[in-house]
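User: I'd like to learn how to read strands, sheets and helices in a model like this one. Can we walk through it together?

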Amino acid sequence: MQLEDKIGQMLMVGFDGFDVPDYILEWLQTGRVGGIILFARNVDTPEQVARLTQRLHAAAKYPLLIGIDQEGGTVARLRQGFSESPGAMALSAAQDGVGLAEKADEILGLELRALGINWDFAPALDITYNAANPAVGTRSFGADAARVAEMGAAAVRGFQRGGVAATAKHFPGLGSTATDTHLALPVLDTSVEQLMGQDMRPFRAAIDAGLASVMTTHTIYAALDSKLPATLSPIIIQKLLRGELGFEGAVSSDCMEMKAIADNFSPAETATLGALAGLDMIVFSHTRATQEAAHDGLVASVKSGRVPMERIEEANRRLATLKQKYPAQQPDLSLIRQPAHVELMLNAARAGVTLLREEVPLPIDEGAVLVEFASHLESGILESGGVTGLGTHLRRRFPQLRSASLVVNAYTDRVVAEAEALVKTSKTLVLATRNAHLNADQLDAARRLVSAAQAVVLVCLRNPYDAMVFPSAGTVICTCGDSAPSLQAAAEVLSGQFRPTGKLPVSMKAHVGA
């Protein structure tokens, strides 16, 4: 294998669209890239995804790794037409969370493998320390290191039993930050004692469970390396992850085009520092020119002697092992969204619902009104006159239900006033929020609605911390996620079909940033 090919095997790239661009096909044919990352922008139907992955695999000069972020819950690239999981925090809230996580994630793994995808960038093993963290939220298994460890190990077992490589992220732990690495470079003063005593516990448990890969985070941990983010730090990757934890699998970066990295390093320097730090796979998810510059820059750094050839050989050996253990298979669409898969995910979502208090009796009365702060994923449905997923499920049980859906970042005074007028016509407001504690505009609008209501049933569809900013809500339901099964479970609770048994894996005494 030529040097250019060996460098190519260490690069994972993304592209726009439902089909493969010609330049990506050319790069695969010549060995210029060794991995492809898919996003929602690449996903339409199961049939389309299968065709896409087959074109990618067929074009590749060497066995190909196709990766995706399919955590379940808030972060899932495969939704409509695929089995959806309630996600990490919802699973952790369930009484049998460990068993359910293993089963749910095995289903996700089976369906990914059946589509020709062999690397899943999940689970997130970040411990929740800061409710104001914009990047973790319900992606976390909770605030207790032991709980995150046992849930994370179960997730790893599930994904890998399903036939895809699991990835523990975001090493060495992203739970303390209030900064989104997509937007800026966080600097944490977390002590070595906390990192080793708390944050490392879930990663150790995942490694003990046979973990295939680890993804690093673009965050500076000043107590370990005050100059370089974890993604580019030999101290964190080689001394902590490889040395202290003894991890021998593949190490991947998060996307190097996030502003935490891109605003501070050129693509060539990023790839060079990443390789020197110990990364095996270096990810550039979006831009062709950036991807080209990273490849050419790393080739130049090896030729100049700055990056030792042994480092490249080492990375290639680890990636070859990963490909051998998780080979791509021919698509089998009969495995996608099987009734048994859908039923298990729904039961898991039901088990993860928590009832924090019930001063407004459930089920809700026939005359209740629903006001929902809609997901950005449903903006198109609303613009075309449709009804949200939660509204659809509730209307099956309450055909005369009156509702209003507020589109993301369009909380104008007129829109909120119209919702207020609706609220005043009913004794009970069902208020469905999505991280109002992190969104000042949503919080202000929701407080206006609560003030206009006689009685409030609050449904926290994302982070449960919304419960803390609406203390006057009589009844509070937390789903810990708004994937399809969680929305159905919420509607079933509101209509009295079952009583929640979940217990939140985070403290409601945490700072909510509001």
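User: Let's start with pairing. In which sense do β16 and strand β17 pair, and over how many bridges?

Analyst: One thing up front: this is a predicted model. The general idea is that strands of a sheet pair through backbone hydrogen bonds, either parallel or antiparallel. Here, β16 and β17 (residues 455–460) pair in the parallel sense, over 6 bridges. To get the register, look at bridge partners: L431 goes with L458 in β17, and T433 goes with C460.

User: What joins β16 to strand β14, and how do the two run?

Analyst: There are 4 bridges between β14 (residues 369–373) and β16, and the two run parallel. On this side the partner of V371 is L431 in β16.

User: How many residues of strand β16 are buried?

Analyst: For burial, go residue by residue and call anything under 20% relative accessible area buried. In β16 (residues 428–433), 6 of the 6 residues are buried, so the strand is largely enclosed by the rest of the structure. Check the two faces too: T428, V430 and A432 point one way, L429, L431 and T433 point the other way, and all are buried.

User: What is the strand order in the open sheet of 6 strands?

Analyst: Read it across the sheet rather than along the chain. The order is β13-β18-β17-β16-β14-β15, and the pairing is mixed. At the edges stand β13 (354–358) and β15 (402–406), each with a single partner strand, so one side of each has no neighbour in the sheet. On average, neighbouring strands are turned by 15° against each other, direction ignored.

User: Which strands does helix α15 touch?

Analyst: Helix α15 (residues 389–397) packs on that sheet and touches β14, β15 and β16, with its direction at about 160° to that of β14. Another helix to look at is α18 (residues 484–494), which lies across β16, β17 and β18 (475–478) and runs at about 155° to β17.

User: What kind of unit do β16, helix α17 and β17 make?

Analyst: For a crossover, follow the path from strand to helix to strand and note its hand. With α17 (residues 440–452) in the middle, this β-α-β unit is right-handed.

User: On to the other sheet. What is the order of its 8 strands?

Analyst: That open sheet goes β6-β3-β2-β1-β12-β11-β9-β7, with parallel pairing. Its edge strands are β6 (119–120) and β7, each pairing on one side only. The partner of β7 is easy to trace: β7 and β9 (residues 213–216) pair in the parallel sense over 3 bridges, with A168 opposite V214 in β9. Helix α11 (residues 288–303) lies across β1 (11–13) and β12 (281–284), at about 150° to β12.

User: Where is the kink in helix α7?

Analyst: To find a kink, follow the axis along the helix. In α7 (residues 192–208) there's a kink of about 55° at M200, shortly before the proline P202. Both M200 and P202 are among the buried residues of α7. The cover over these buried residues includes α6 (145–161), β7 (167–171), β10 (220–221) and α8. Just past the helix, G210 has a positive phi of about 95°.

User: Which residues of helix α8 are buried?

Analyst: In α8 (residues 234–244) they are I236, I237, L240, L241 and R242. They cover an arc of only 165° around the axis, which puts them on the same side of α8. The face turned away from that buried side carries K239 and G243, both exposed. Just after α8, G246 takes a positive phi of about 70°.

How values were computed:
Residues are numbered from 1 along each chain as its sequence is written. This is a predicted model: local features need pLDDT of at least 70, side-chain atom pairs count only at pLDDT 80 or more; totals for chains, interfaces and linings use all residues. Side-chain values use heavy atoms; hydrogens and water are left out. Buried means under 20% relative accessible area, exposed over 50%, partly exposed in between (1.4 Å probe, protein chains only). The arc is that of the directions from the helix axis to the C-beta atoms. Two strands pair if DSSP finds at least two bridges between them. A crossover is right-handed if, with the strands pointing away from the viewer, the path from the first strand over the helix to the second runs clockwise. Axes are lines fitted to C-alpha atoms, for helices over the stretch in contact, and angles run from 0 to 180 degrees between N-to-C directions. Contact means heavy atoms within 4.5 Å. The bend at a residue is the angle between axes fitted to the seven residues ending there and the seven starting there.
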